[in-house]
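Got your viewer open? Load the model, show it as a cartoon, and keep the selection box handy.

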Amino acid sequence: MTKHELRQRYLKKRQSLSEAEFLQRNHALCERFFSGIDISFIKVIHVFLPLTEKHEPDTWLIIDRIRREFPLIRLSIPRVNETSNTLEHFFFEGLHQLKKNKWGILEPQQGIPTPLQKIDMVLVPLLAYDTTGHRLGYGKGYYDRFLAQCPSSTRAYGISFFPPEKQLPTHEADVRLNGCITPEGVYIF
């Protein structure tokens with residue numbers, strides 16, 4: 001199956017979730033994150049802001065809990081720079097700094113830039129992933145370019161409602177994940 005076919009399949013699979021299933025899986029993902037990932041030594045977590053209308057995993061549950069229960073962990077969020085075709089990163093200060101971009105994704109309009117060397121963990125959006133840690137994103141390569149610039153100590157975890165594929169088509173620029181969080185458990189690669 002091609003990357004395009006897999007993207008279409010997983011977009012359809014996510015959209016086919018009922019609202020009840022979507023909510024249940026999001027709550028299970030949040031619980032798995034906090035029970036399955038050791039964040040005791042984490043100072044900065046970079047997290048994507050979800051497109052919940054497209055049934056992307058709702059990272060707001062994780063963001064809100066980190067802000068309430070782990071006030072010493074700083075959150076960093078991305079903004080697309082279309083001129084350079086890269087992601088820019090800013091510390092999350094609150095909803096006041098966010099505005100929807102042309103894709104409907106909330107992004108920071110201003111804020112303090114996050115130095116890449118300070119990021120300990122990245123929560124990565126994806127459509128599919130395989131048993132070796134390769135992921136299938138939306139096809140623009142933003143996260144592969146971003147992860148390639150992070151220090152080798154930075155841990156990258158995908159978030160998915162579904163189990164892994166056996167193998168995905170790959171490209172030499174693809175950056176593998178360290179793990180993937182699902183409602184059923186955490187896969188480590």
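We'll start with the whole chain and then hop from residue to residue.

**The whole thing**

Keep in mind that this is a predicted model. Colour by secondary structure and you should find 4 helices and 11 strands. The radius of gyration is 16 Å, close to the 16 Å that the globule rule gives for 189 residues, so the protein is as compact as a globular protein of that length. Turn the C-alpha trace along its principal axes, and the spans come to about 40 × 35 × 35 Å.

Now switch on the surface. Its accessible area is about 9800 Å², and 53% of that belongs to carbon and sulfur atoms. Of the 189 residues, 50% count as buried. If you like contact maps, take the contacts between residues at least 6 apart in sequence: 66% of them join residues at least 24 apart.

Next, colour the charged side chains. You'll have 25 positive and 21 negative ones on screen, and the centres of the two sets lie 2 Å apart.

**Select the cysteines**

How many disulfides are there? The count is 0. Click on cysteine 150 to see one reason: the closest cysteine sulfur, in cysteine 180, is 17 Å away, too far for a bond when the cut-off is 2.5 Å. Cysteine 150 is also buried, with a relative accessible area of 10%.

Move on to cysteine 180. For its sulfur, the closest cysteine sulfur is in cysteine 30, 15 Å away, and that too is too far for a bond. Cysteine 180 is buried as well, at 0% relative accessibility.

**Step back to asparagine 178**

Asparagine 178 sits in the loop between strand E9 (155-159) and strand E10 (179-181). Is this loop residue buried or exposed? Asparagine 178 is buried, with a relative accessible area of 17%. Show what surrounds it: leaving out residues up to four places away in sequence, asparagine 178 touches Thr154, Arg155, Ala156 and Tyr157, along with Tyr187, Ile188 and Phe189. For a distance to draw, try asparagine 178 to alanine 148: they are 30 residues apart along the chain, and their C-alpha atoms are separated by 13 Å.

**On to glutamate 184**

Glutamate 184 is in the loop between E10 and strand E11 (186-188). This one is exposed, at 56% relative accessibility. Setting aside neighbours within four places in sequence, glutamate 184 has contacts with Arg32 and Phe161. Draw another line, from glutamate 184 to arginine 67, and you'll read 24 Å from C-alpha to C-alpha across 117 residues of sequence.

**Two backbone oddities**

Most residues other than glycine have a negative phi. Here are two to inspect with that in mind.

Select histidine 55, in the loop between strand E1 (44-47) and helix H3 (60-69). Histidine 55 has a positive phi of about 60° even though it is not a glycine. Histidine 55 counts as buried, at 6% relative accessibility.

Last stop: asparagine 85, in the loop between strand E2 (74-81) and strand E3 (86-91). What is its phi? The phi of asparagine 85 is near 60°, again a positive value in a residue other than glycine. Unlike buried histidine 55, asparagine 85 is partly exposed, with a relative accessible area of 36%.

How values were computed
Residues numbered from 1 in each chain as written. Predicted model: local features only at pLDDT ≥ 70, side-chain atom pairs only at ≥ 80, totals over all residues. Heavy atoms only, no water. Helix = DSSP H or I, 4+ residues; strand = E, 2+ residues; numbered from the N terminus. Rg over C-alpha atoms; globule rule 2.2 N^0.38 Å. Buried < 20%, exposed > 50% of the residue type's maximum accessible area, 1.4 Å probe, protein only. Contact = heavy atoms within 4.5 Å. Areas by Shrake-Rupley, 256 points an atom, 1.4 Å probe, with all protein chains shown as cover. Lys, Arg positive; Asp, Glu negative; His and termini not counted. Charge placed at Lys NZ, Arg CZ, Asp CG, Glu CD.
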